[in-house]
Amino acid sequence: MLLLLLASAFTFTDVAGQAGLSFKLDHAPTADKQMIETMAGGLAAFDYDGDGLTDLFFTNGAALPSMDKSAPRYWNRLYRNEGNWKFRDVTEAAGIQGKGYSMGAAVGDFDGDGQPDLFAAGVYANILYRNLGGGKFADVTAASGITSDRWSVTAGWFDYDNDGRLDLLVVNYSHIDPRKPRFCGDSARKLRVYCHPKYFEPVGNQLYRNLGNGKFADVSVASGIASHRGRGMGIAFGDHDADGRVDAFVTNDNLPNFLYRNAGGGKFEETALLAGVALLDSGKPVASMGVDWRDFDRDGRADIAVTALASETFPLFQARAGGLFTDATHRSRLATLAARKSGWGVTARDFDNDGWPDLFTANSHVNDIVEQFEKFPYKEANSLFRNLGDGTFADESAAFSGAVRAHRGAVAADFDNDGRLDIAVTALGEPAELWRNTTAPMGQWLRVQLTGRAAGARVTFAGQTITQHTAVSYSSSVDAGLHFGGVTSAGPLTIAWPSGTVQRMANVEPGRVLRVEEGK
């Protein structure tokens with residue numbers, strides 16, 4: 001086993017600087033230790049201009065306490081991928097500088113015109129951008145019916161009523177007044193810290209139904225979403241009970257997680273405790289942050305991976321029959337491997353093309369002076385846990401050991417179209433990282449790019465099943481195709497579309513991007 005691990009070591013190189021990716025996350029730290037300062041950093045990977053190359057969008061902070069983007073240093077930024085590991089800042093040309101203190105990003109084609117649109121979640125400043133084509137976006141928030149009345153951390157697009165239009169679930173943390181920050185810490189030692197989550201009142205999340213023509217209706221109360229209050233951090237989608245309707249999982253900070261079961265008829269039931277994903281087996285809530293809903297054991301049922309703080313481990317909920325989950329954190333070895341790590345972004349993807357999704361986490365503690373109180377570091381290197389294919393993981397993070405920072409959001413996509421998944425990461429007060437994957441592949445690959453009404457589509461190929469959704473990680477989003485690794489030869493591919501249509505293709509050759517539209 002040792003020889004196998006050495007032979008398949010992951011290799012990544014941070015090429016952000018030479019690629020022209022100059023974004024620096026300005027979280028506007030203050031002596032008041034406003035909680036929002038430590039929670040910034042969402043990003044999105046998507047092909048905004050349809051040229052076949054995956055671009056990058058970064059959310060950014062704002063001056064405090066005004067929460068105004070009073071200078072270009074606070075702008076949200078869009079970088080166009082020009083190929084050959086070169087990116088160009090096209091923020092002004094795209095009209096996407098933003099407003100207020102932004103946190104999360106969500107990609108989805110809400111108007112069905114074939115061009116990916118963008119939602120930026122923020123602190124009393126949510127923005128809906130419509131992709132106009134030609135490299136331009138328009139802020140259509142005012143006309144859409146989407147409000148900005150809470151501290152929103154992230155959001156996700158999904159078609160909960162199966163009408164062919166993408167709906168929006170906005171994840172909220174609390175209410176704050178940046179002009180009246182609470183003091184937390186040790187006054188005798190004159191040490192001020194970011195306040196514990198218990199001082200922030202939980203609030204409800206918001207569900208917006210897409211009515212078409214750029215209009216949305218707030219159905220939070222009618223759907224049952226609003227009746228459950230939490231401190232939301234991350235969001236992911238899946239069909240945990242295999243009833244054909246999309247469910248939503250939301251991580252909560254020091255509160256039980258939510259699993260919104262789609263009951264049909266526009267109604268949701270919160271079933272996390274019954275399903276086994278509200279809490280770990282310890283029965284205590286943790287600082288649940290990022291999340292990815294992906295089938296790590298390849299049994300056809302998607303599992304849920306979560307990040308949390310040091311000593312809390314990185315929870316892993318393994319899907320079982322009947323829509324239930326079991327706590328596999330210890331059995332998978334993540335409890336031991338991540339015991340001293342604090343994580344934010346998380347993405348489960350196959351980074352060595354062996355057919356098994358590995359786990360990447362963007363790491364750092366919340367408290368920037370934690371070392372004066374506890375024996376945990378504030379800034380950390382990122383982690384990569386290799387999926388050994390037997391239900392366990394091994395820590396193979398050496399490639400990232402040189403970048404010790406306050407990491408937050410993370411996304412994985414094949415930025416150079418070489419069949420290997422690369423990684424982009426944000427860090428508070430420091431330049432973004434762009435990790436080029438040069439790992440020797442263990443097998444061949446196939447990327448499936450679905451077009452049209454594809455949200456929630458299930459694709460099965462080479463013994464793997466992946467569902468099309470864009471919400472992932474911490475406050476982040478990816479719309480860059482479905483990546484299948486570990487392919488040994490041409491074989492059959494099946495797509496179960498949200499409409500109920502099942503499309504089958506024979507002898508699909510690997511080593512390429514396969515673009516598929518329903519029925520074609």
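Buried residues are those under 20% relative accessible area, exposed ones are over 50%, and partly exposed ones fall in between, using a 1.4 Å probe and protein chains only. Strands (E, at least two residues) and helices (H or I, at least four) are DSSP runs numbered from the N terminus. With those two ideas in hand, we can start at strand E26 (residues 343-349): 7 of its 7 residues are buried, so the strand is largely enclosed by the rest of the structure.

Before going further, a word on what you are looking at. This is a predicted model, in which local features need pLDDT of at least 70 and side-chain atom pairs count only at pLDDT 80 or more, while totals for chains, interfaces and linings use all residues. Residues are numbered from 1 along each chain as its sequence is written, and side-chain values use heavy atoms, with hydrogens and water left out.

Back to E26, then. Strands count as paired if DSSP finds at least two bridges between them. E26 runs antiparallel to strand E27 (residues 358-363), and 5 bridges join them. Within this pair, Thr-347 stands opposite Phe-360 in E27.

Strand E3 makes a good next stop. Asp-55 and Phe-57 point one way from E3, Leu-56 and Phe-58 point the other way, and all of them are buried. E3 pairs with E2 in the antiparallel sense over 4 bridges, and with strand E4 (residues 77-81), also antiparallel, over 3 bridges. Follow Leu-56 here: Ala-45 stands opposite Leu-56, and Leu-56 also stands opposite Tyr-79 in E4.

Leu-56 leads us on to the nonpolar core, meaning a set of buried Ala, Val, Leu, Ile, Met, Phe, Trp, Tyr and Cys residues joined through side-chain atoms within 4.5 Å. The largest such core has 57 residues, and those with the most contacts inside it are Met-39, Leu-56, Trp-151 and Leu-434. At least two residues of this core come from each of helix H2 (16-19) and strands E2 (43-46), E3 (55-58), E6 (101-108), E10 (151-158), E30 (407-413) and E32 (430-437). Take Met-39 as a way in, with contact meaning heavy atoms within 4.5 Å. Leaving aside neighbours within four places in sequence, Met-39 is in contact with Met-103, Trp-151, Val-153, Tyr-173, Met-233, Trp-344 and Tyr-474.

Now look at a charged residue, Lys-33, whose place is in the loop between H2 and E2. Is Lys-33 buried or exposed? Lys-33 is buried, with a relative accessible area of 13%. Its side chain reaches the backbone oxygen of Arg-192 at 3.0 Å. Besides Arg-192, the contacts of Lys-33 beyond four places in sequence are Val-193, Tyr-194 and Asp-368. Lys-33 and Val-193 are 160 residues apart in sequence, yet their C-alpha atoms are 6.1 Å apart in space.

That brings us to pairs of charged side chains. Side chains of opposite charge can pair when their charged atoms come close. A salt bridge is a side-chain nitrogen of Lys or Arg within 4 Å of a carboxyl oxygen of Asp or Glu, and the structure holds 33 salt bridges.

One of them links Arg-261 and Asp-243 at 4.0 Å, N to O. Arg-261 lies in strand E20 (residues 258-264) and Asp-243 in the loop between strand E18 (232-238) and strand E19 (247-252), so the pair ties together parts that are 18 residues apart in sequence. Arg-261 is partly exposed at 22% relative accessible area, and Asp-243 is partly exposed at 27%. Elsewhere, salt bridges that share partners join Asp-49, Asp-51, Arg-80, Glu-82 and Arg-88 into one network. Inside that network, the closest N and O atoms of Glu-82 and Arg-88 are 2.6 Å apart. Both residues are partly exposed, Glu-82 with a relative accessible area of 37% and Arg-88 with 42%.

A last salt bridge to visit is the one between the side chains of Asp-163 and Arg-209 (3.7 Å, N to O). Asp-163 lies in the loop between E10 and strand E11 (167-174) and Arg-209 in strand E15 (residues 206-212), so this pair ties together parts that are 46 residues apart in sequence. Asp-163 is partly exposed at 26% relative accessibility, and Arg-209 is partly exposed at 28%.

Definitions and conventions. A polar contact is a pair of N or O atoms within 3.5 Å; within protein, one must be able to donate a hydrogen and the other to accept it, and residues adjacent in sequence count only if both atoms are side-chain atoms.
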